[in-house]
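I am opening a notebook on this structure and will write down each thing I look up. The entries are meant for someone who has not seen it before.

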Amino acid sequence: MSTSVIDHASSRSGRWLQQRRFRISLWIAVAEGIVVAIFHDVSRYTVIGVAAVALAAYFLGGRNVRSSAVRQVSWIFAFSQALAVVASILAIFVFWLALVVAAIFAVVALLVLFTDR
């Protein structure tokens, strides 16, 4: 028999969100990454700006709200935006890494072609 403690300031929706907040945040970040990759109107700077607003909202007020559901939603919003920024920065490095690898392959291919008789 397991005993669990329920926070007296939590609500049913707040507990539901808290149990699923990491998974929800990941899906939001994935969706946002796809939107940024497909639509060039949404830039990485937009993602960084939205993340700055989300993190400021969470740290300045979201984590101290009385409503557990609002507190969880603000956490999900801030965390998903932070993940989106990390994904955007990682995409820049992966893009440049892919270009460098392609250039190395091209140089190797040229060397093989020029040294082959």
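Does G33 count as buried, partly exposed or exposed? I looked up its relative accessibility, found 33%, and noted G33 as partly exposed, because buried would mean under 20% and exposed over 50%. I should record at once that I am working with a predicted model.

**Entry: where G33 sits**

I placed G33 in helix α1, which covers residues 12-38. I then took the C-alpha distance from G33 to G62, and found 24 Å in space for a separation of 29 residues in sequence.

**Entry: the chain as a whole**

I went through the secondary structure of the protein chain and counted three helices and zero strands, so that the pattern read along the sequence is α-α-α. For the overall form I looked at the radius of gyration, which is 22 Å for the protein chain, whereas a compact globule of 117 residues would have one near 13 Å. The C-alpha trace, taken along its principal axes, spans about 80 × 40 × 20 Å.

I also checked how much of the chain is covered, and found that 21% of the 117 residues count as buried. The protein chain exposes about 9,000 Å², and carbon and sulfur atoms supply 72% of that area. Turning to contacts between residues at least 6 apart in sequence, I noted that 73% of them join residues at least 24 apart.

**Entry: the nonpolar cores**

Which residues make up the largest nonpolar core? I listed six of them, namely L17, Y58, A69, W75, I76 and A78. Helix α3 gives the largest share of this core, with four residues. Another core lies apart from it and has five residues, among them V36, V47, A84 and V85.

I followed two members of the six-residue core further. A78 lies in helix α3 and counts as buried, because its relative accessibility is 4% and the limit for buried is under 20%. Not counting residues up to four places away in sequence, A78 touches A54, L55 and Y58. I also noted that A78 and G62 are 9.4 Å apart from C-alpha to C-alpha, with their positions 16 residues apart in sequence.

For Y58, again leaving aside neighbours within four places in sequence, I found contacts with R63, R71, S74, W75 and A78.

**Entry: S74 and S67**

Is S74 buried or exposed? I found a relative accessibility of 14%, so S74 counts as buried, the limit being under 20%. Its place is in helix α3, and beyond its neighbours within four places in sequence S74 is in contact with Y58, G62 and R63.

I looked up S67 next, and found it in the loop between α2, which covers residues 44-60, and α3. S67 is partly exposed, with a relative accessible area of 32%. Although S67 and S13 are 54 residues apart in sequence, I read a C-alpha to C-alpha distance of 9.9 Å between them.

**Entry: L26 on helix α1**

I returned to helix α1, where L26 is found, and noted a relative accessibility of 36%, which makes L26 partly exposed. How far apart in space are L26 and A84, C-alpha to C-alpha? I read 8.9 Å, for two residues that are 58 apart in sequence. A84 is one of the residues I had already listed in the five-residue core.

**Entry: a nonpolar patch on the surface**

My last look was at the surface, where L97, V100, V101, I104, F105, V108 and V112 make a nonpolar patch of about 640 Å². I picked V101 from this patch and placed it in helix α3, which covers residues 68-115. V101 is partly exposed, with a relative accessible area of 34%, and it can belong to the patch because patches are made of residues with over 30% relative accessible area.

Notes
Residues are numbered from 1 along each chain as its sequence is written. This is a predicted model: local features need pLDDT of at least 70, side-chain atom pairs count only at pLDDT 80 or more; totals for chains, interfaces and linings use all residues. Side-chain values use heavy atoms; hydrogens and water are left out. Patches are made of residues with over 30% relative accessible area and no salt bridge: like charges are joined within 9 Å, nonpolar side chains (Val, Leu, Ile, Met, Phe, Trp, Tyr) within 5 Å. Accessible areas come from the Shrake-Rupley method with a 1.4 Å probe; for residues, only the protein chains shown count as cover. A salt bridge is a side-chain nitrogen of Lys or Arg within 4 Å of a carboxyl oxygen of Asp or Glu. Helices (H or I, at least four residues) and strands (E, at least two) are DSSP runs, numbered from the N terminus. Buried means under 20% relative accessible area, exposed over 50%, partly exposed in between (1.4 Å probe, protein chains only). Contact means heavy atoms within 4.5 Å. A nonpolar core is a set of buried Ala, Val, Leu, Ile, Met, Phe, Trp, Tyr and Cys residues joined through side-chain atoms within 4.5 Å. The radius of gyration is taken over C-alpha atoms; the globule rule is 2.2 Å times the number of residues to the power 0.38.
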